[in-house]
Amino acid sequence: MSGSKPNHKLAGKPARQLLFSEALHQKRTTPMTMETYPSSPSTQPVTTSDKEQSTTMERILHEITAVGRRIEGIDTSISSLTLETKSIRLDIASFQTRVTGLEHRMGSLETQMATSQDRDQDLLYLKSKLTDLEDRSRRDNIRLLGIPENEEGTNIQAFLSSTLPKLTSLNFDPPLEFQRVHRVGLKRSDRSLRPRPIIASLLRHNQTRQILQTARNHGPFRIGQHDIRITADYLKDTNERRKAFLALRPRLRQLEMKYGLFDPARMWVTKNGISRDFYKPKELKQFLDSFHRQPTDSTSTNCPPDVSGATRTTEPFS
């Protein structure tokens, strides 16, 4: 047969030898590679990189341990905070209950205050009505000041019936008659003290007005060496209001207003044909203050709007 020639060197060798020869030939031609096998710790040599890895692992374990401890501390803190939060919630619930109770009490107090204010208004109204009624019950009374003690003798009504016409120079027709006459307070044994006032309630109101009008225009009168004054018998509160009204007379004159003080305590004011009544000195003062806030021009002489709520009157001056 033609073709490749047989290898005479291999032709006579057995098959096992041929395989061994080929394997040896291949091993010689293939680059050698070193195979490593794990060795036991006792036989493996310790290198520098192994020490660094061991140190790094120890440091990491130490940090992990520290982190674990910190986490345990945080867990403890969270547990404590949880307990405190629960306690705070209980306190808040308690406060809310107390606040709710306080709100109910405040609402009750506000209702009571509103009721009390209404009652105060009612009491003030009733007080003013009572004062007015008592002043009206005294409208026929006169008060005589300065008459010495025991000057009247045993019959004080007869004494006044004869003394008042002489003091006032008035002729009373019919003669004076009294409902009651008495001195105010306990009898004083010491004559050096101021004598007690005499309160006389006349039977006829027109005679009371005549005596008081004469006393305002011509008083005081005299009995011997004693000055005698005759005034109306007002309540203490009414007297204080009258004094407060009279203290405003200079301002009324300054503003060129006409005025009159009527019984028991009513001030009548008029300017440019507009008239008003005032029952409280405070309201009259506010009325007068309103003129000073107006510009000084030709229109400032008119009365401002009624700040007192008083009604217009055409009653003559007293």
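**Exercise 1.** Determine which strands helix α6 lies across, and how the helix runs relative to β6.

*Solution.* Locate helix α6 at residues 236–247 in this predicted model. The helix lies across β6, β7 and β8. Next, compare directions: α6 runs at about 170° to β6. Angles are taken between N-to-C directions on a range from 0 to 180 degrees, so a value of about 170° places the two axes close to antiparallel.

**Exercise 2.** Describe the sheet formed by β6, β7 and β8, giving the strand order and the edge strands.

*Solution.* Begin with the order: the three strands form an open sheet arranged β6-β7-β8, with antiparallel pairing. Then identify the edges, which are β6 (258–262) and β8 (274–278), since each of these pairs on one side only. Finally, consider the twist, which averages 15° from one strand to the next.

**Exercise 3.** Examine the pairing of β6 with β7 and state how many bridges join them.

*Solution.* Strand β7 covers residues 266–271. Its pairing with β6 is antiparallel and extends over five bridges. For a specific position, take lysine 258, which stands opposite threonine 270 in β7.

**Exercise 4.** Place this region within the whole protein chain by stating its helices, strands, burial and contacts.

*Solution.* First, count the elements: the protein chain has eight helices and eight strands. Second, consider burial: 24% of the 318 residues count as buried, the cut-off being under 20% relative accessible area. Third, turn to the surface: about 24,100 Å² is exposed, and carbon and sulfur atoms supply 55% of it. Last, among contacts with a separation of 6 or more, 59% join residues 24 or more positions apart.

Notes: Residues numbered from 1 in each chain as written. Predicted model: local features only at pLDDT ≥ 70, side-chain atom pairs only at ≥ 80, totals over all residues. Heavy atoms only, no water. Pairing = 2+ DSSP bridges. Helix = DSSP H or I, 4+ residues; strand = E, 2+ residues; numbered from the N terminus. Contact = heavy atoms within 4.5 Å. Buried < 20%, exposed > 50% of the residue type's maximum accessible area, 1.4 Å probe, protein only. Areas by Shrake-Rupley, 256 points an atom, 1.4 Å probe, with all protein chains shown as cover.
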